[in-house]
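Thanks for coming. I have one structure to go through today, and I will keep to a few side-chain pairs and one helix. Please have a look at it before I go on.

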Amino acid sequence: CCITRGDPPTISLTTGVMNTLSHAEQVFAIGRFSAMVAAGHVAYLQMAMLTLERSPRSITDVEIDMLELLKHHHGGWDAGVHREDRLKLGALAHAWQQRAELSADRGGLTACRDLEAALNGIAKTTAHDATAASTLTWKALLEKHKGEDPAALAAIPPKEDPSRHEGYAVYRIQMLRWWAKTPAGQAYL
């Protein structure tokens, strides 16, 4: 899934999401993207995509096409930018995106108001195909990473997409479960 800028912005859902996620999980996914649009994150997400140029194994076909489109429209954005500065910018974009994913999860949970569906929605985004996603649960994912340090799970390299990385998904699940218990989380549920 992805968001494209425009007036209004467009949220594109993949057939994998439509065929694999339950209705409540789809509402969570749409809520996540709506939260990103409402927060003004779309331009920053696209800048992170353009700056980091993640490998095709960590992004979807739709995102590969978007990256090519962004390169076409914004080609040369980095002309005159030193390699070290581009690496710093990439690290900052990655760190920003990691935090934006956590905020988007809260927006998705607020939209679907179903913690179980939200957590399963996060887990299913880590699957490499629809068959694996259809049986994956957040509990199974947490069990797989039982005993691992949350900080280590969150420390993923910039070339890995925090919206689909398995270790980061475990961290996101832990953070969303925590937030849902806070007074702020309870106020939205």
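I start with Asp 161, which is buried at 3% relative accessibility. Keep in mind that this is a predicted model. What does the side chain of Asp 161 meet in a salt bridge? The partner is Arg 164, with 3.0 Å from N to O. Arg 164 is partly exposed, its relative accessible area being 22%. The cut-off for buried is under 20%, so Asp 161 falls below that limit and Arg 164 does not.

That pair belongs to a longer list, since the count of salt bridges comes to six. Another of them joins Glu 101 and Arg 32, where the closest N and O atoms are 2.4 Å apart. Glu 101 sits in helix H5 and Arg 32 in helix H2, so this pair ties together parts of the chain that are 69 residues apart in sequence. Are these two residues buried or exposed? Glu 101 is buried, with a relative accessible area of 3%. Arg 32 also counts as buried, at 8%. Both residues belong to a network of salt bridges, in which Arg 32, Glu 101, Asp 105 and Arg 172 are linked.

Next comes the pair of Glu 166 and Lys 144. Their salt bridge has its closest N and O atoms 2.9 Å apart. Distant parts of the chain are linked here as well: Glu 166 is in helix H10 and Lys 144 is in helix H8, 22 residues apart. Glu 166 is partly exposed, with 24% relative accessibility. Lys 144 is exposed, at 55%. The cut-off for exposed is over 50%, so Lys 144 passes that limit.

Now to the helix I mentioned, H6, which covers residues 115-124. How many of its 10 residues are buried? Eight are, so by the under 20% limit the helix is mostly covered. The buried ones are Ala 117, Ala 118, Leu 119, Asn 120, Gly 121, Ile 122, Ala 123 and Lys 124.

Which helices do these buried residues pack against? They pack against H1, H2, H5, H7, H8 and H10. Some of those names have come up already: H5 holds Glu 101 and H2 holds Arg 32, while H10 holds Glu 166 and H8 holds Lys 144.

One last detail concerns the N-terminal end of H6, which is capped by Asp 114. A side-chain oxygen of Asp 114 lies 3.2 Å from the backbone nitrogen of Glu 116. That is where I stop.

How values were computed. Residues numbered from 1 in each chain as written. Predicted model: local features only at pLDDT ≥ 70, side-chain atom pairs only at ≥ 80, totals over all residues. Heavy atoms only, no water. Buried < 20%, exposed > 50% of the residue type's maximum accessible area, 1.4 Å probe, protein only. Helix = DSSP H or I, 4+ residues; strand = E, 2+ residues; numbered from the N terminus. Contact = heavy atoms within 4.5 Å. Polar contact = N/O pair within 3.5 Å; in protein donor to acceptor, adjacent residues only side chain to side chain. Salt bridge = Lys/Arg side-chain N within 4 Å of Asp/Glu carboxyl O.
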